[in-house]
Amino acid sequence: MTLLLDVEGPAAPPRDNGELVFAEPWESRVFGLAVTLHDRGAFSWDEFRDHLVARIAEWEQAHPPGECFSYYRCWLAALESVVVADGTVGVTEVADRATALAARPAGHDHAGHDHDHSH
Amino acid sequence: MTTSAPNPDRLSPALRTEALEQLLTERGLVDPAVMDKFISTYENDVGPLNGATVVAKAWTDPEYRQRLLDEGTAAIKELGFSGPQGEHIVVLENTAAVHNVVVCTLCSCYPWPVLGLPPSWYKDPAYRSRMVREPRTVLAEMGLELGDDVDVAVWDSSSEVRYLVLPERPAGTEDSSESDLAALVTRDAMVGVAKVGS
């Protein structure tokens, strides 16, 4: 993050004891997606939580040797499975779109986005 | 349904997230401006200072303390704190005889309105599994040694309920103001993995 914040004084953001809330920008985006969708009634939090619990359990039961736990990877997988389960997004749509995005030339300028990313 | 578990595929989570955001935005399901506001709120505004304010008020106002223990959600809302993951907050009071500590064994349930988003250790598989099995050991590893005369109560948040620990007020703070007291209260103390020092 490049936000200039007073990190120690009385105006410091009360986020926690010095640890960033999100380690990488995509984590904040995927967090925001779930909260925004829930806020507009796309799903109940219990429903999302069930998917999150399942994705975490899957990772814990079987993950590549040496791979560190990533909470927001599980969160992303949970959100994908929720929106696929309710038919909002097709089964392969996210992967297809991500593949297309991966094919962008280096130095792309987020063509197609008209909002600010935080990175 | 066979949605895959996260795995290290060539499509990075950043790419998948961007793809998902595009798809949902195109369908009118996500307004990026609304989403940015949510993110900013949880990055900058909502955090343990809210819980510390609640704790300091409870330490200095016995009637408030009682309301907080009786009806956590309502008492917390009196101070202006409410929102997602704060619908059913139960406040657990630490005493000389009982030390409460909070975990979510299955995921990461946490009282966002008073503590913000959980720290990484709270979400870690080791904390989630071990705190239930061997709380004293885990607490000691985190720097909190509890005497044998103190009972440890472990609360699993994996339900509708979210917990906030009301730590013991440290000795020697009888003359401290509410705001001075709030400054002493840490996130870790409100999860129950630390005490409040004076």
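# A tour of chains A and B

Begin in chain B by selecting β2 (98-103) and β3 (151-156), two strands that pair in the parallel sense over six bridges. Both belong to a predicted model. Within this pair, display B:V102 and B:W155 of β3(B), which stand opposite each other. Strand β2(B) is mostly covered, with five of its six residues buried.

**Chain B as a whole**

Now select the whole of chain B, whose secondary structure comes to 11 helices and four strands. The C-alpha trace spans about 55 × 35 × 25 Å along its principal axes. Chain B has 198 residues, and 44% of them count as buried. Of the contacts in chain B with a separation of 6 or more, 71% are between residues 24 or more positions apart.

Colour chain B by domain next: the domain assignment gives domain 1 as residues 13-44 and domain 2 as residues 47-191. The C-alpha centres of domain 1 and domain 2 of chain B lie 31 Å apart.

**Helix α3 of chain B**

In chain B, select residues 48-60, which form helix α3. This helix has 13 residues and reaches 18 Å from its first C-alpha to its last, close to the 18 Å expected at 1.5 Å a residue. How many of the 13 residues of α3(B) are buried? The count is 11, and the helix is mostly covered. Among the buried residues are B:P48, B:L49, B:N50, B:G51 and B:W59. Show the surroundings as well: the buried residues of α3(B) pack against α4 (62-70), α5, α6 (112-115), β4 (162-166), α10 (178-184) and α11 (187-191) of chain B.

**The loop at B:Q85**

From α5 (72-78) of chain B, follow the chain towards β1 (89-93); B:Q85 lies in the loop between these two elements. Its backbone merits inspection: B:Q85 has a positive phi of about 70° although it is not a glycine. Is B:Q85 buried or exposed? B:Q85 counts as buried because it has 21 C-beta neighbours inside 10 Å, and the threshold is 20 or more.

**Helices α1 and α2 of chain B**

Select residues 13-26 of chain B, helix α1. This helix has 14 residues and reaches 20 Å from its first C-alpha to its last, close to the 20 Å expected at 1.5 Å a residue. Helix α1(B) is largely enclosed by the rest of the structure, because 10 of its 14 residues are buried. The buried set includes B:P13, B:L15, B:R16, B:L20, B:L23 and B:L24. What covers the buried residues of α1(B)? The covering elements include α1, α3 and α4 of chain A. Just after α1(B), inspect B:G28, which takes a positive phi of about 75°.

Move on to B:T41 in helix α2 (residues 32-45) of chain B. B:T41 is classed as partly exposed because 15 other C-beta atoms lie within 10 Å, a count between the limits of 12 or fewer for exposed and 20 or more for buried. For a distance across chain B, draw a line from the C-alpha atom of B:T41 to that of B:L139: the two residues are 98 residues apart along the chain, and their C-alpha atoms are separated by 31 Å.

**Chain A and its contact with chain B**

Turn to chain A, which has four helices and zero strands. Its elements run α-α-α-α from the N terminus on. Of its 119 residues, 35% count as buried. Among contacts in chain A between residues at least 6 apart in sequence, 52% join residues at least 24 apart.

Highlight the interface: 55 residues of chain A are in contact with 48 residues of chain B. On the side of chain A that touches chain B, the elements giving two or more residues are α1 (25-39), α2 (45-61), α3 (71-85) and α4 (93-102). The residues on this side of chain A divide into 32 nonpolar, nine polar and 14 charged.

**Confidence in chain A**

Finally, colour chain A by pLDDT. The average is 80, and 73% of the residues score at least 70. Select residues 1-16 of chain A: pLDDT stays under 50 there, and the model has 23 contacts beyond four places in sequence for this segment. Residues 111-119 of chain A also have pLDDT under 50, with eight contacts beyond four places in sequence. Where pLDDT is low, the predicted coordinates should not be read in detail.

How values were computed. Residues are numbered from 1 along each chain as its sequence is written. Chains are lettered from A and ligands numbered from 1 in the order in which they are written. This is a predicted model: local features need pLDDT of at least 70, side-chain atom pairs count only at pLDDT 80 or more; totals for chains, interfaces and linings use all residues. Two residues are in contact if their C-beta atoms, placed from the backbone, lie within 7 Å. Ala, Val, Leu, Ile, Met, Phe, Trp, Tyr, Cys and Pro count as nonpolar, Asp, Glu, Lys and Arg as charged, and the others, Gly among them, as polar. Two strands pair if DSSP finds at least two bridges between them. The expected span of a helix is 1.5 Å times one less than its number of residues. pLDDT is the predictor's confidence in each residue, from 0 to 100. Domain bounds come from an automatic or database domain assignment.
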